[in-house]
Amino acid sequence: MSSSETIAQHLPRTEARSLSGHEGAVLAVRFNRDGNYCLSCGKDRTLRLWNPHTGAHVKTYKSHAREVRDVHSSSDNAKLVSCGADRQIFYWDVASGRVIRKFRGHNSEVNSVKFNEYNAVVVSAGYDRTTIDTFQDSVMSVNLTKTEIIAGSVDGTVRTFDIRMGRETVDNLGHPVNCISLSNDSNCLLANCLDSTVRLLDKSSGELLQEYKGHACKSFKMDCCLTNDDAFVVGGSEDGYVFFWELVDAPVVARFRAHSSVVTSISYHPTKACMLTSSVDGSIRVWT
């Protein structure tokens, strides 16, 4: 048995619990920075704070007028930011549940939102292409490093904007990009594309390093990510399955039925073999 197969035996595939409360599709679930709590959002226009390790529902946040597409917590866990189909971005106080500020500026639905590392900047991406104005179609996903904004679009490109240099680089993948994710060492970039392929890129050069296949991804926005040791790629599938691929050679080392419908979101714990998934079927599941 190879070392990757041995390690794959310890990947989180056992359902520890289900987090119930959302009405309708859950569109995103995210661990907070230290992995002690998680946030979810969905079609029911709410955000919810949970302790995924006990299953406790801590708080519900309501202000969005339409479905909530994405949520991200600040590094100190005191604030959160959310976005959705109502074209607005909400900046919340976690403890009180109060909206501190609303950011307006998008003229269409907003798909993705992130804090920067120091919680001083919020970057959003949406159907109106206004994250970086050179995109030709909807921007589906955005990520931040200390000096860069990285975004993926339905126009088939991943664009990196160097904030310090004022320089943009473009990687054309030739297929609509619906999610981008950084490796934990920030050297590589994962792009989930609507041709049912996850692509691994060298972040500096844009070189295509590997492709991961076997799942179905043709019409839904679905997350992809790396395990916290960067050894495996994780992706959801429109048939409810979750796939694990070995990073270097790209074989499927594990797959299992996580939900009865599309897996919309995957979040991997920062230090433990623990994973969250959410689905169009309205459920959130914790895997260990």
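**The lining of the second largest pocket divides into 9 nonpolar, 4 polar and 7 charged residues.** Everything shown here belongs to a predicted model, where local features need pLDDT of at least 70, side-chain atom pairs count only at pLDDT 80 or more, and totals for chains, interfaces and linings use all residues. Numbering runs from 1 along each chain as its sequence is written, and side-chain values use heavy atoms, with hydrogens and water left out. In the sorting of residues, Ala, Val, Leu, Ile, Met, Phe, Trp, Tyr, Cys and Pro are nonpolar, Asp, Glu, Lys and Arg are charged, and the others, Gly among them, are polar. A pocket is an open set of points on a 1 Å grid over the protein atoms alone, where a 1.4 Å probe fits and protein lies on both sides within 12 Å along at least five of seven lines; its lining residues have an atom within 4 Å of a point. This one holds about 370 Å³ of space. It has 20 lining residues, and Leu27, Arg69, Met140, Phe220 and Lys221 are the closest to its centre. Strand S2 gives the largest share of the lining, with 3 residues.

**The largest pocket has a volume of about 1,100 Å³.** Look for His72, Lys114, Asn143, Leu182 and Asn184, the closest to its centre out of 38 lining residues. Seven strands give two or more residues each to this lining: S2 (26-31), S6 (68-73), S10 (110-115), S12 (139-144), S16 (177-182), S20 (224-226) and S24 (263-268). Strands here are DSSP runs of E with at least two residues, numbered from the N terminus. By residue type, the lining of the largest pocket comes to 14 nonpolar, 16 polar and 8 charged. As for volume, grid points are joined across faces, edges and corners, and the space counted is what probe spheres set on the points fill.

**Cys274 sits in the loop between S24 and strand S25 (275-279).** With a relative accessibility of 3%, Cys274 counts as buried. The cut-offs are under 20% relative accessible area for buried, over 50% for exposed, and in between for partly exposed, using a 1.4 Å probe and protein chains only. Along the chain, Cys274 is 261 residues away from Arg13, yet their C-alpha atoms are 8.8 Å apart in space. Skipping neighbours within four places in sequence, the contacts of Cys274 include Pro12, Phe31, His53, Tyr268 and Trp287. A contact here takes heavy atoms within 4.5 Å.

**Searching the whole structure for disulfides turns up 0.** A disulfide is a covalent bond between the sulfur atoms of two cysteines; the search asks for a pair of cysteine sulfur atoms within 2.5 Å. Why is Cys41 not bonded to Cys83? Their sulfurs are 7.4 Å apart, which is too far for a bond, and Cys83 has the closest cysteine sulfur to that of Cys41. Cys193 is in no disulfide either, as the nearest cysteine sulfur, in Cys217, is 8.0 Å away. Cys41 is buried at 0% relative accessibility, and Cys193 is buried with a relative accessible area of 0%.

**The whole structure has 8 aromatic pairs.** One of them joins Tyr212 and Trp245 in a tilted arrangement, with 6.0 Å from centre to centre and 50° between the planes. Tyr212 belongs to strand S19 (residues 208-213) and Trp245 to strand S22 (residues 241-246), so the pair ties together parts that are 33 residues apart in sequence. Both Tyr212 and Trp245 are buried. Phe244 and Phe256 make a stacked pair at 6.5 Å centre to centre, with 25° between the planes. That pair links strand S22, home of Phe244, with strand S23 (residues 252-257), home of Phe256, across 12 residues of sequence. Phe244 is buried at 0% relative accessibility, and Phe256 is buried at 10% relative accessible area. Elsewhere, Tyr61, Phe90 and Trp92 form one aromatic cluster. Rings of Phe, Tyr and Trp (its six-membered ring) pair if their centres lie within 6.5 Å; planes under 30 degrees apart are stacked, over 60 edge-to-face, and the rest tilted.

**Ser186 has a positive phi, near 65°, without being a glycine.** Find Ser186 in the loop between S16 and strand S17 (188-193). Is Ser186 buried or partly exposed? Ser186 counts as partly exposed, at 31% relative accessibility. Ala250 also has a positive phi, near 70°, in a residue other than glycine. Ala250 lies in the loop between S22 and S23 and is buried, with a relative accessible area of 14%.

Technical notes
Helices (H or I, at least four residues) and strands (E, at least two) are DSSP runs, numbered from the N terminus.
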